[in-house]
Amino acid sequence: MIVVMKEGASQSEIDRVMELLQSKGLGAHLSVGVETTVIGVIGPKEKVHELGIETLPGVEKLVTVSYPFKLASRPFHPDDTRIEIRGHVVGGPEPTLIAGPCSVETREGLLEIARAIKRSGAHMLRGGAFKPRSSPYSFQGLGEEGLKYLADAREETGLAIVSEVMEPGLVPLVAEYVDVLQIGARNMQNFPLLKAVGRTGKPVLLKRGFSNTIEEWLMSAEYIMAEGNPNVILCERGIRTFETYTRNTLDLNAVPVVKHLSHLPILVDPSHGVGHARYVTDMARAGIAAGAHGVIVEVHKDPSQAWSDGNQTITLEEFDQLARQVRAIHQVMKTFEPAASLV
């Protein structure tokens, strides 16, 4: 349920509601919007009604949320969530650009990529230090050494770092080095891992599982948020369909649907979505046109020599072109925002 506070409710009135809920063993999550302050309540509906919260000073009304994902739902947080990461705001006025190799390979190679994408306007460097691979014989990543290379690249370029964490026991190590913890598609419903990253408070990039529904995806976000971490960035990376000419099918339907259901920012990953470098820029443009807040793509100075996923990796020159086109389309789409708000 949601407690909607009156406009202009005092901090003491808000605190009184929070304290009452918590004293009765109920979860209370505060969301302060531009115009409305709401408190998400986790617990039995009957127990909430027994408290007579609607009679407290400063309370406007008590609303039942029909979605199973309470904290991630739009009613809980009517305004879009914006997450600041090293000076850039995800979900803010400009599209978020995240790029880098599938796997961290060498220190100098990573630095070369980082410098180039920085010149092209990227905000974050992605790179896998621990890699979940379909085959146990494929390259699994450099581990902590790869994290150190990523930290070196951040030190030189100022780019924020995004890297995947694969198991709860690795969360403290990865969190020590990176700015954004990535949960990959294969781990979207690894609930102990979701709880562990939730407890860090660090921003989490949550990729959709390739066989999961939008509701299941948002419920995974709920696991992270229920641990007290509101900094969740959703990422549509393609779902498994019957089509064989692409690796997956990038579900652009998910972008407007998620923006309707949830306040969380959403990115698209066309690299995994299509699996072929020649289509990546096209689908990045399409994702922005659909309303995504940014893109994450795999980039390498020589994709043919990449240690993993070279087929879906674009060159540094192609990324420069992609970045310019994404920013241009985003600027055009901003002119349609007033009309879109009427839908």
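In this predicted model, G25 adopts a positive phi of about 80 degrees at a position just after helix α1. The helix that precedes this glycine spans residues 11-23, and its 13 residues extend 18 Å from the first C-alpha to the last, close to the 18 Å expected at 1.5 Å a residue. Four residues of α1, namely I14, V17, M18 and L21, are buried; when the helix is viewed down its axis, the buried residues fall within an arc of 95 degrees, and they therefore line one face of α1. The face turned away from that buried side carries S12, E19 and S23, which are exposed. The cover over the buried residues of α1 includes four strands, β1 (2-5), β2 (27-32), β3 (37-42) and β4 (59-63).

With regard to nonpolar packing, the largest core comprises 73 residues, of which I117, L206, L234 and F319 touch the most other members. For L206, when residues up to four places away in sequence are not counted, the contacts are I183, M188, L194, W217, S220, A221, I224, V232, I233, L234 and C235. A second core, separate from the largest one, contains 16 residues, among them V3, L21, V48 and V59. L21, a member of this second core, is also one of the buried residues of α1.

Helix α3 (residues 107-119) includes R107, a residue that is partly exposed, with a relative accessible area of 35%. The side chain of R107 forms a polar contact with the side chain of E108 at 3.2 Å, and, leaving aside residues up to four places away in sequence, R107 touches Y149 and D152. W217, which is among the residues touched by L206, is separated from R107 by 110 residues in sequence and by 34 Å in space, C-alpha to C-alpha.

Backbone conformation was also considered at two loop positions. Most residues other than glycine have a negative phi. Against this background, R86 has a phi near 50 degrees, a positive value in a residue other than glycine, and R86 is placed in the loop between β5 (83-85) and β6 (88-90). A positive phi, near 55 degrees, is likewise found at D309, again a residue other than glycine. D309 lies in the loop that connects β14 (294-298) with α11 (316-334), and D309 is partly exposed, with a relative accessible area of 22%.

Terms used: Residues numbered from 1 in each chain as written. Predicted model: local features only at pLDDT ≥ 70, side-chain atom pairs only at ≥ 80, totals over all residues. Heavy atoms only, no water. Expected span 1.5 Å × (residues − 1). Buried < 20%, exposed > 50% of the residue type's maximum accessible area, 1.4 Å probe, protein only. Arc of directions from axis to C-beta. Contact = heavy atoms within 4.5 Å. Polar contact = N/O pair within 3.5 Å; in protein donor to acceptor, adjacent residues only side chain to side chain. Core = buried A, V, L, I, M, F, W, Y, C linked by side-chain atoms within 4.5 Å.
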